[in-house]
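This report looks at how aromatic rings are arranged in one protein chain, and at the charged side chains that lie over some of them. Please keep the sequence and the structure in view while reading.

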Amino acid sequence: MRFYLSRGSDWHLGLRTFNSAKSRIKSYLQIATDHGHLLTTNHMETSTPRTYTTMPEKIPEDPPKPDTISNMLIDSFGRQHTYLRISLTERCNLRCQYCMPAEGVDLTPNPKIMSQSELVRLATLFVHSGVNKIRLTGGEPSIRKDIEEICSQLSNLKGLKTLAMTTNGLTLARKLPKLQECGLNLLNISLDTLVPAKFEFMTRRKGHERVIESIHKAVELGYNPVKVNCVVMRGFNDDEICDFVELTKEKPVNVRFIEFMPFDGNVWNVKKLVSYAEMLDIVGKKFSGIKRIKDHPTETAKNFTVDGHKGTVSFITSMTDHFCGGCNRLRLLADGNLKVCLFGPSEVSLRDPMREGATDDELREIIGAAVKRKKGSHAGMFDIAKTPNRPMIHIGG
């Protein structure tokens, strides 16, 4: 019997057995007791027995037919999870204040980061089960040395429609032509200020002009839209909101204003939060003809056109108007842990069972169990701020 750990801030041990003629899993330990804090990876590996988790029903072994979703990806609320975000690395060449504490964070040792073959194996399993969109995140995904090979392998997976990446853009301009050849077809570039001095203050690094260059390069290569992610913080960049909207006038740029969210180490304070309603009001007073686009039910953003602009403007409203009811996202962290909710502390390792020889069927059982335990919605922003969670650099942006 193999044991693997399902991680969260709530823990208790309870025995669940499951018998299947096609499964080597004989029994499982499920964890759910409150110890009042989130254990670190190192702490868990040294002090807690590893456990498998499972669910009562068996996931079919064969990939689903086109446009069908495996039961593995459907939670208890009927949400179908067709979007997988994969963090390639915890390392980054910037030190953004809302992502990483000033003193830095302990990074997972390289041997415990998923290898290319492990990552592709899991991605293949998810795509064959119904995932049609994968986004590569980090850390900074573009600094991973095998990023081109990863993109090439993932983009060739039958059934995958979109291969996206979220990047800080620092080294993107020179790498993007090859990444596009390798199948990268959607791009988000993070940029929180148009003022170089502010950029250096926020990221604790230089490089503003290189990010701007990457945005221009993406437009030149035909990415449409080029998505620009901007975390808005009161007293820092809320005075630049309209300047960012101007980026959409002549180019196919989608500026995405993101409400400031709490994560471990980023010193979140509600006074820094600029709400969706306030941001929309600022934009509406400066620009005429702001029109809401009809969004897909699983869309995370509230999207708008602006009269006379080639691009669009969006708002990510996780704090003041969550979109949990249509959530279709799962997160695979660089250390191989599966996280079903960005703001939930619970995680389950897929790396460990893979390295112990788990079959694809056994991995489906673990994934399906985690998806079935996903809650209907995350907590309110004040409760989120009090809930132990990993820094964003560990989770993946």
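## Aromatic pairs in the predicted model

A search of the whole structure, which is a predicted model, finds 5 aromatic pairs. One of them is formed by Phe-257 and Phe-315, whose rings are tilted, with 5.7 Å from centre to centre and 35° between the planes. This pair links distant parts of the chain, since Phe-257 belongs to strand E9 (residues 253-259) and Phe-315 to strand E12 (residues 312-316), 58 residues apart.

Are these two rings buried or exposed? Phe-257 counts as buried because its relative accessible area is 0%, and Phe-315, at 1% relative accessibility, is buried as well.

## A second partner for Phe-315

Phe-315 also forms an aromatic pair with Phe-304, and here the arrangement is edge-to-face, with 5.7 Å from centre to centre and 85° between the planes. Because Phe-304 lies in strand E11 (residues 301-306) and Phe-315 in strand E12, this pair ties together parts that are 11 residues apart in sequence. Both Phe-304 and Phe-315 are buried.

Which residues do ring pairs link into a cluster? The cluster consists of Phe-244, Phe-257, Tyr-276, Phe-304 and Phe-315.

## Lysines over ring faces

Two further rings have a lysine over the face. Lys-133 lies over the face of Tyr-83, at 4.4 Å from the ring centre, while Lys-198 lies over the face of Phe-236, at 5.8 Å from the centre of that ring.

Conventions:
Residues numbered from 1 in each chain as written. Predicted model: local features only at pLDDT ≥ 70, side-chain atom pairs only at ≥ 80, totals over all residues. Heavy atoms only, no water. Phe/Tyr/Trp six-rings, centres within 6.5 Å; stacked < 30°, edge-to-face > 60°. Helix = DSSP H or I, 4+ residues; strand = E, 2+ residues; numbered from the N terminus. Buried < 20%, exposed > 50% of the residue type's maximum accessible area, 1.4 Å probe, protein only. Lys NZ or Arg CZ within 6 Å of the ring centre and 35° of its normal.
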